[in-house]
Amino acid sequence: MTRQALIEAAARGLATFGYANLVLEQVARDAGYTRGALYHLFANKEELTLAVVTWVSETWDAEVRQPALRAEDPLAALLAMARGHALYCRRHVGATVMLTLRVEFAGQDHPVGRGMAQTYEQLEREWAALVSAGRRNGSIPAGPPARLTAAALLAVLESVAIEVAGKAPHDVELVRRGVLGLLGVAPLDAPSS
C-alpha cells in the first residue's frame, strides 16, 4: 500500500509541477510517509516517475483501451477509446501526468522520455491499424496517412479531454466530435454521454 500511495502522490506532483520541479520529500509527505520510506522503494526521482508512467499506462489500458478494443468495428473502437479517455480524465490524474511529461521530455534522450515515447509509439501503431481497417471496411473515409492521422487523434484526444475534463456531458461530446472531425466522418446520430 505504501508503494501505491507514493506513486499516486508522485502522479499528482508530476501533473502539477512536472518532473524538473518534483520534490521527493513533498511526494513522501503528501502520501503520508517519510522520505526514507520513499527511498526504500524508489532509488530516485527517475525510478519513481517511471513507476508512475507504468501505473498510468496499465490503468488506462485496463479502463480505456481493453474495453474499447472489444468493439468489432474499427471506428466504434476509436470512438469508444475517445469516450473512455474522457471518462478516465474525469477521475484520474494519470492523463494530465502523461501530457505534462510528454511536453517536458519532447526531443530529450532521457529514460522517462524514452518510456513515454514507447507508450505513444505503441498507441500510434495500434490506432493507425484501426484507421487503416476502418478505411478498408468503409467506416472511415480515405485521408492523410494512417500513422499521421493516428498521431493527430492522440494529440486531440489528450488535449481536449484534459482541457474539458469533468465538464460532463460536454467532455465526452467534444472528444467525440474531435475524433470524428479528424477522421473525416460525418457526425453520428445522437451524442453519447
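Before I come to the residue I want to start with, a word on terms: a helix here is a DSSP run of H or I that is at least four residues long, and the helices are numbered from the N terminus. With that in hand, S139 can be placed in the loop between helix 7 and helix 8. Please keep in mind throughout that what we are looking at is a predicted model.

Is S139 buried or exposed? The cut-off for buried is under 20% relative accessible area, and S139, at 18% relative accessibility, therefore counts as buried. Leaving aside residues up to four places away in sequence, S139 touches D73, L75, G134 and V185, and with one of these, D73, the side chain of S139 forms a polar contact of 3.5 Å.

Let me turn from that loop to the helix on one side of it, helix 7, which covers residues 111–137, and to its partner helix 5, residues 74–91; their axes come within 8 Å and cross at roughly 140 degrees. That angle makes helix 5 oblique to helix 7, because only angles over 145 degrees would count as roughly antiparallel. On the helix 5 side the contact involves P74, A77, L78 and M81, and these meet E126, W127, L130, V131, A133, G134 and N137 of helix 7. Sorted by class, this contact has eight nonpolar residues, two polar ones and one charged one.

On the other side of the loop we have helix 8, residues 146–163, and I would like to look at how it packs with helix 9, residues 170–183, where the axes come within 9 Å and cross at roughly 160 degrees. Helix 8 and helix 9 are therefore roughly antiparallel to each other, and helix 8 passes helix 9 in a right-handed crossing. Which residues make this contact? From helix 8 they are T149, A152, L153, V156, L157, V160 and A161, and from helix 9 they are L174, V175, G178, V179, L182 and L183. In terms of class, the contact of helix 8 with helix 9 divides into 11 nonpolar residues and two polar ones, with no charged residue.

Finally, a residue from another part of the chain: V103 has its place in helix 6, which spans residues 94–104. At 58% relative accessibility V103 counts as exposed, since the cut-off for that class is over 50%. The C-alpha atom of V103 is separated by 9.4 Å from that of G113, which lies 10 residues away along the chain.

Key:
Residues numbered from 1 in each chain as written. Predicted model: local features only at pLDDT ≥ 70, side-chain atom pairs only at ≥ 80, totals over all residues. Heavy atoms only, no water. Axes fitted to C-alpha atoms, helices over the stretch in contact; angles between N-to-C directions. Helix = DSSP H or I, 4+ residues; strand = E, 2+ residues; numbered from the N terminus. Parallel < 35°, antiparallel > 145°, perpendicular 65-115°, else oblique. Contact = heavy atoms within 4.5 Å. Nonpolar A, V, L, I, M, F, W, Y, C, P; charged D, E, K, R; others polar. Left-handed = near helix turned anticlockwise from the far one by under 90°. Buried < 20%, exposed > 50% of the residue type's maximum accessible area, 1.4 Å probe, protein only. Polar contact = N/O pair within 3.5 Å; in protein donor to acceptor, adjacent residues only side chain to side chain.
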